[in-house]
Number of protein chains: 2
Amino acid sequence: MSRALIIGAGGVAGVVAHKCCENFEVFSDIMIASRTKEKCDSLKERCEAYKKKVGSGTNIETAKVDADSVDELIKLINLYKPQIVINVALPYQDLTIMDACLETKVDYLDTANYEPPDTAKFEYKWQWAYREKFEKAGITAILGSGFDPGVTGVFCAYAQKHIFDEINYIDILDCNGGDHGYPFATNFNPEINIREVSANGSYWQDGKWIETKPMEIKREYNFDEVGVKDMYLLHHEELESLGLNIKGIKRIRFFMTFGESYLTHLKCLENVGMTSIEPIIYEGREIIPLQFLKAVLPDPASLGPRTVGKTNIGCIFTGKKDGEEKTYYLYNVCDHQECYKEVGSQAVSYTTGVPAMIGAAMVLSGKWKKPGVYNVEEMDPDPFMEDLNKFGLPWKEDYAPILVD
Amino acid sequence: MSRALIIGAGGVAGVVAHKCCENFEVFSDIMIASRTKEKCDSLKERCEAYKKKVGSGTNIETAKVDADSVDELIKLINLYKPQIVINVALPYQDLTIMDACLETKVDYLDTANYEPPDTAKFEYKWQWAYREKFEKAGITAILGSGFDPGVTGVFCAYAQKHIFDEINYIDILDCNGGDHGYPFATNFNPEINIREVSANGSYWQDGKWIETKPMEIKREYNFDEVGVKDMYLLHHEELESLGLNIKGIKRIRFFMTFGESYLTHLKCLENVGMTSIEPIIYEGREIIPLQFLKAVLPDPASLGPRTVGKTNIGCIFTGKKDGEEKTYYLYNVCDHQECYKEVGSQAVSYTTGVPAMIGAAMVLSGKWKKPGVYNVEEMDPDPFMEDLNKFGLPWKEDYAPILVD
């Protein structure tokens, strides 16, 4: 019987709220809070309908909060008295929310690392700097409990615990085989995607980062239940923590699939300046081209009902067990339409929101309760893996996967 | 010693004004009028500097006029008392300017056919409907005296008069081999380009239109002084008048070169909705995506100094002379940088503006003075052809051109 405060009311928050209701034995009370209370109220309404379907008794409240303001956050936490804050707001707001948790001595969980608004670095250093403070305060912070980072880290911990004596190579493969029928649209903030695609790639090898040019390393892979897709090596935040937390690791890489047409559109939009975040003067008013582009593109929320196909995200491991070389592929396949039918969101939000709920349940049930700041792979993967099967993200195994060269 | 009123102050108007000054034996007085008087004044300033260079004595005045308003136009014409109005404003304004010319009994010349603002049709019917009125008023209207339409029509009349007994096939080839160094930019209103590219193509054959899908017919051609380029069959307005005015014609087609990268950018921008003329609501205000795109793209005026390379526009004829099959290619090559050095505009504006000045000089000097509404190919091509050589657009001939299949 626990109380959780969910900060954020977007696509991922919607999945978290629904899934907390489904897991009502743990989440007796949830509050949904965001800058726009109407979004929280409308999410609550959808959850109330869902509760009837699944027979949930979770009490839902809503509130307005500016997650940039530590004071407002502290006030709300003191008012609602949650045992955990589930941060599914913007990555820029991780630190203010962590500060509020420290002040109120409440556990914390998020799905994406802190980014300074001006320079996207995808680094944990800002949040890792809170380790001692959280330890001293006796509270737990779980960083990156979405799918990637999140489930991918749990998969690594599971493989380390049960399958290998030593893991030497990990390739994380993130495939979205979904089709929304538009020539171009983005599931989330296109700026994040553009940053990922136009930034240098990097991977961890022999204890140091190897940098690549943007989209320099391209591979084709035949994904189970999806088919053959092009994928590109990108930097991704979990590489940093896994490189440190998986002992004996020689190389860890991250690949994401992008369609050729998607990349062409992104490139053209970048070329003409439509993805710029530098404002231009239009009819006497400053307008940021990327913001205008977002307004022209289909509303991400409108993609849910029309997106078909599946995601396939997982990790391919190479290592040793009892002195023998061994390979192992642990992954999840998620169907966009099934997610939408279940909680009104497509698989990209679903695969992030479900693990956030599970991670919070782990902390609340004491299984992941340990003072300090942790990445998911530092915790026991077993109860989390059980819950993945239980709450809609069952995992599949392959003991003879095709390796990425 | 004649007075001409130039309506418009954009790139083409700039060339017309400069070239009128150069041809000061004909144009003793010109007035530049447009919606924004500052643009006219700044053009006048550039022309004053140019006049010194070429030893011109043309008097230049400027005025503000709304070319959508017949009343304003009539007032200005009555005030300035020009012998001809050179319309280089927007194609939407052809009819209001013709109405004002009728009312004041002043000759008229333009470079592009009237288009209703809502449906681009590239048809002459609206302006041809003025034939009787102009005839009765005893004034001349010359339609489409730019390069294409314009010089291409004069080339046809010249070929018909001097080279062939009978022309059977005409291919008009419009090649812009210029490079401005941007991944994407347009020399003029991108909407017109987008309309051309996304509209069905068509050509005239055996007395009727054959329609093609957009960009369906693609050919490669090796252009003199430019090199090999991809070109696409488009509908173009002069096909309509030439199909009627060139006797014995069996087929007439129009091809324009487009680079692959240009087309990809255009297609992507269209796909995401950035070329739409349907307003969207952005921060509570209506904004037309295409207008915003234009604001993001490089200012066409900024392309002039940086565009290098050449245009090559002309007509390939196949027909009979003295019973023999004969081919003939008549074309002009124009260098972007040389145009810029001469009049401060690149070749796309230059090749349109010079023929407008020449056409007006033809009417003013009486060589093309005939009551009614005419397309250029209905007039004697010889004095016009002489002036092309004199005023910067010398023509080249090829009696054994490679034909387009």
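Pro149(B) sits in the loop of chain B that runs between strand S6 (140-143) and helix H7 (151-163); helices (H or I, at least four residues) and strands (E, at least two) are DSSP runs, numbered from the N terminus. A cis peptide bond links Asp148(B) to Pro149(B), with omega at about 5°. Chain A has a cis bond between Asp148(A) and Pro149(A), again with omega about 5°, and Pro149(A) lies in the loop between strand S6 (140-143) and helix H7 (151-163) of chain A. For background, most peptide bonds are trans.

Some housekeeping. This is a predicted model, in which local features need pLDDT of at least 70 and side-chain atom pairs count only at pLDDT 80 or more, while totals for chains, interfaces and linings use all residues. Residues are numbered from 1 along each chain as its sequence is written, chains are lettered from A and ligands numbered from 1 in the order in which they are written, and side-chain values use heavy atoms, with hydrogens and water left out.

**How the two chains relate**

Two copies of a chain are related by a rotation about an axis and a shift along it. Here, a turn of 179° and a shift of 0.1 Å along the axis lay chain A on chain B with an RMSD of 0.1 Å; the fit is by least squares on the C-alpha atoms of residues with pLDDT of at least 70 in both. That is what a two-fold axis does. The same surface serves both copies, and 100% of the contact residues of chain A recur in chain B (contact means heavy atoms within 4.5 Å).

**Strand S12 and its partners**

Why is strand S12 of chain A described as largely enclosed? Seven of the seven residues of this strand (residues 251-257) are buried, so the rest of the structure largely encloses it. Buried means under 20% relative accessible area, exposed over 50%, and partly exposed in between (1.4 Å probe, protein chains only). Both faces are covered: Arg251(A), Arg253(A), Phe255(A) and Thr257(A) are buried on one side, and Ile252(A), Phe254(A) and Met256(A) on the other.

Three strands pair with S12(A), as the table shows; pairing takes at least two DSSP bridges between two strands.

| Strand of chain A | Sense with S12(A) | Bridges | Residues opposite each other |
|---|---|---|---|
| S7 (residues 166-176) | parallel | six | Leu173(A) and Phe255(A) |
| S8 (residues 201-205) | antiparallel | two | Trp204(A) and Ile252(A) |
| S11 (residues 227-233) | antiparallel | three | Met231(A) and Thr257(A) |

Over in chain B, Arg251(B) belongs to strand S12 (residues 251-257) and counts as buried, at 18% relative accessibility. Its C-alpha atom is 5.0 Å from that of Tyr169(B), although the two residues are 82 apart along the chain. Beyond the neighbours within four places in sequence, Arg251(B) has contacts with Asn168(B), Tyr169(B), Ile170(B), Asp171(B), Tyr203(B), Trp204(B) and Gln205(B).

**Helix H4**

Nine of the 11 residues of helix H4 (residues 94-104) of chain A are buried, so this helix too is largely enclosed by the rest of the structure. Among them are Asp94(A), Leu95(A), Met98(A), Cys101(A) and Thr104(A). Right after H4(A) comes Lys105(A), with a positive phi near 60°.

**Two cavities**

How many cavities of 30 Å³ or more are there? The count is two. A cavity is a set of points on a 1 Å grid over the protein atoms alone where a 1.4 Å probe fits but cannot get out, and lining residues have an atom within 4 Å of a point. Grid points are joined across faces, edges and corners, and a volume is the space filled by probe spheres set on the points.

The largest cavity holds about 40 Å³, and its lining includes Tyr124(B), Leu143(B), Pro149(B), Glu238(B) and Glu377(B). The second largest holds about 30 Å³, with Tyr124(A), Pro149(A), Leu242(A) and Glu377(A) among the lining residues. Helix H9 (residues 238-245) of chain A gives the most to that second lining, with three residues.

**Two exposed aspartates**

Most residues other than glycine have a negative phi. Asp206(A), however, has a positive phi of about 50°; this residue lies in the loop between S8 and strand S9 (208-212) of chain A and is exposed, with a relative accessible area of 54%. Asp322(B) also has a positive phi of about 50°. Asp322(B) is in the loop between strand S15 (310-321) and strand S16 (324-335) of chain B, and is exposed at 63% relative accessible area.

Terms used:
1 Å grid on protein atoms, 1.4 Å probe; cavity = no way out; pocket = protein on both sides within 12 Å on 5 of 7 lines; lining within 4 Å.
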